[in-house]
Amino acid sequence: MRGHEVSLQLRLIDEMADEVAALVIQPINDERIAARLRQLREGGMTVVTVNTDIEESARCCYVGSDYQHGGSVAAGMAALITGGRANMGVIAGVDTLMGHVLRLRGFEEHLKAICPQVNWIARVNADDDPRLAYERTFAMLSSHPEIDTLFVVAAGVYDVCRAVIDAGREGGIRVIAFDDVPTTREMILRGLVRAVVCQQPFLQGHRAYSIAFDAILTGEAPKQSRVITEDQIKIRENF
């Protein structure tokens with residue numbers, strides 16, 4: 001599915017619920033989704049959450065990164081890149097995805113602890129929408145010309161960078177972000193994105209399906225309730 005509409009995710013779950021023995025899902029963190037997943041679990045279905053988790057869902061296993069730790073890693077990179085002094089702008093993700101919320105929390109809490117001289121200037125939400133990422137970043141830079149560092153919590157890195165370029169700020173902005181995708185790699189090689197924290201998406205998908213398959217095959221619940229992938233730091237020199 002595209003987007004983060006609860007009613008759509010519920011409908012898609014219900015469309016397949018009677019036909020499958022296991023469900024692998026990137027869930028919206030909403031009580032209505034959690035309640036539906038609890039019902040499926042009570043009926044004996046294996047439920048594996050992948051990439052982002054959900055509260056109070058009784059899922060069998062979560063496969064993904066430790067988002068709060070990933071935010072702390074990004075904060076450590078920001079400290080190294082800025083020397084502990086920055087005028088920070090934040091482009092946040094989706095408030096209903098646990099991973100995005102925890103990642104931002106980890107970044108803010110850790111950077112405030114290790115770099116008290118960082119000035120937190122402004123924050124906008126891009127909601128995983130490329131158009132909003134561009135428009136809101138451009139507006140933020142126009143309103144706050146003192147910003148010299150941007151932290152991008154989730155998707156939209158390329159569009160954030162386009163806004164920086166179109167605002168004429170390419171030489172004066174440092175961007176810290178997540179994930180090794182082709183459009184982000186382009187901006188890393190260009191020198192605008194200084195570092196990304198990667199969370200091994202292929203491994204997440206592979207492990208989630210393997211766990212679901214094994215549960216179907218054996219009829220037993222997964223042995224681990226959480227499978228956490230390692231955070232990896234990439235900069236221009238190791239791409």
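User: At what angle do helix α3 and helix α4 pack?

Analyst: This is a predicted model, so let's read the numbers with that in mind. Helix α3 covers residues 67-82 and helix α4 covers residues 98-114. Their axes lie 7 Å apart, and the packing angle is about 40°.

User: Are α3 and α4 parallel, perpendicular or oblique to each other?

Analyst: The angle between them is about 40°. Angles under 35 degrees would count as roughly parallel, and 65 to 115 as roughly perpendicular. Neither range fits an angle of about 40°, so α3 and α4 are oblique.

User: Is the crossing of α3 and α4 left-handed or right-handed?

Analyst: Residues from both helices meet here, including Y67, G71 and A75 in α3 and G99, L102 and F107 in α4. By class, the contact has 9 nonpolar, 8 polar and 3 charged residues. As for the way α3 passes α4, the crossing is right-handed.

User: Which element gives the largest share of the largest nonpolar core?

Analyst: That core has 23 residues, and I91, M140, L150, V152, I173, V175 and V193 have the most contacts inside it. Elements that each supply at least two of its residues include β5 (119-125), α5 (130-143), α6 (157-166) and β7 (174-178). The largest share is 4 residues, and it comes from α6.

User: Which residues does V175 contact, leaving aside its neighbours within four places in sequence?

Analyst: V175 is among the residues with the most contacts inside the largest core. L150, V152 and V193 are on that list too, and V175 touches each of them. With those sequence neighbours left aside, the full set is L150, V152, L192, V193, R194 and A195.

User: How many residues are in the second, separate core?

Analyst: This core is separate from the one with 23 residues. Among its members are M88, V90, F178 and V197. Its count is 19 residues.

User: Is D30 buried or exposed?

Analyst: D30 is in the loop between β1 (22-25) and α2 (31-42). Leaving aside neighbours within four places in sequence, it is in contact with V6 and I54. Its relative accessibility is 18%, and the cut-off for buried is under 20%. So D30 counts as buried.

User: What is the phi of Q200, and where is that residue found?

Analyst: Q200 has a positive phi in a residue other than glycine, and the value is near 55°. N51 also has a positive phi, near 75°, and its place is the loop between β2 (46-50) and β3 (61-65). For Q200, phi is near 55°, and the place is the loop between β8 (193-198) and α8 (201-218).

Notes
Residues numbered from 1 in each chain as written. Predicted model: local features only at pLDDT ≥ 70, side-chain atom pairs only at ≥ 80, totals over all residues. Heavy atoms only, no water. Buried < 20%, exposed > 50% of the residue type's maximum accessible area, 1.4 Å probe, protein only. Contact = heavy atoms within 4.5 Å. Axes fitted to C-alpha atoms, helices over the stretch in contact; angles between N-to-C directions. Parallel < 35°, antiparallel > 145°, perpendicular 65-115°, else oblique. Left-handed = near helix turned anticlockwise from the far one by under 90°. Nonpolar A, V, L, I, M, F, W, Y, C, P; charged D, E, K, R; others polar. Core = buried A, V, L, I, M, F, W, Y, C linked by side-chain atoms within 4.5 Å.
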